[in-house]
Amino acid sequence: LRVRQASASAQRIAEHFAQHPRVEAVLYPGLPGASGHDVAKRQMTGGFGGMMSLRTKGGKDGGESAAIATAANVKLWKRATSLGGTESLIEHRASVEGAGTPAPPDLLRLSVGIEDVGDLIEDLEQALRAALP
């Protein structure tokens, strides 16, 4: 039940932010234009999972400060590295890994839980607005 709910919510979140003015890219295999979508469609049943990433738009630093500020401003999403639980988690992976990481500095990794998807979307919206006024 958890995986089915997380997958359905992640799909809705990915679709919502796919053309968002404050988001550079959404990385999620459930989006038709995503790299690996055709393979995922053949291999995955019941959804595309609860893991996804957002790359934020930003100024001179290419979105890094916006990603950090977005993660800092969420209220419902928990800032954590653990993945796959019932609660929705967010992390700025480049900060976790430190200097020399291959993780893009504008990337937020999300583990979608089972909370109301509308609440999750609105929380990300308000955090993005706070990060990029």
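## Helix H1, helix H5 and the core

H1 and H5 cross in a right-handed sense. The model is predicted.

**Exercise 1.** Describe the packing geometry of H1 and H5, then list the residues that meet.

*Solution.* Start with the axes. They lie 10 Å apart and make an angle of about 35°. Next, take the H1 side: Ser-9, Arg-12, Ile-13, His-16 and Phe-17. Facing them in H5 are Val-117, Leu-120, Ile-121, Leu-124, Glu-125 and Leu-128. Now sort the contact residues by class. Seven are nonpolar, two polar and two charged.

**Exercise 2.** Find which residues of H1 are buried, and state what covers them.

*Solution.* First, check the helix itself. H1 has 16 residues and spans 22 Å between its first and last C-alpha, close to the expected 22 Å. Then apply the cut-off: buried means under 20% relative accessible area. Ala-6, Ser-7, Ser-9, Ala-10, Gln-11, Ile-13, Ala-14 and Phe-17 pass. Their cover includes E1, E2 and H5.

**Exercise 3.** Identify the residues that touch the most other members of the largest nonpolar core, and trace which elements supply the core.

*Solution.* The core holds 26 residues. Ile-13, Phe-17, Val-26, Met-52, Trp-77 and Leu-124 touch the most other members. At least two core residues come from each of H1 (2–17), E1 (23–27), E2 (51–56), H3 (64–73), E5 (107–111) and H5 (117–131). H5 gives the largest share, six residues.

**Exercise 4.** List the contacts of Leu-124, leaving aside neighbours within four places in sequence.

*Solution.* Begin with H1: Leu-124 meets Ile-13 and Phe-17 there. Then add Leu-54, Val-74, Trp-77, Ile-90 and Leu-110 to complete the list.

Conventions. Residues numbered from 1 in each chain as written. Predicted model: local features only at pLDDT ≥ 70, side-chain atom pairs only at ≥ 80, totals over all residues. Heavy atoms only, no water. Core = buried A, V, L, I, M, F, W, Y, C linked by side-chain atoms within 4.5 Å. Buried < 20%, exposed > 50% of the residue type's maximum accessible area, 1.4 Å probe, protein only. Helix = DSSP H or I, 4+ residues; strand = E, 2+ residues; numbered from the N terminus. Contact = heavy atoms within 4.5 Å. Axes fitted to C-alpha atoms, helices over the stretch in contact; angles between N-to-C directions. Left-handed = near helix turned anticlockwise from the far one by under 90°. Nonpolar A, V, L, I, M, F, W, Y, C, P; charged D, E, K, R; others polar. Expected span 1.5 Å × (residues − 1).
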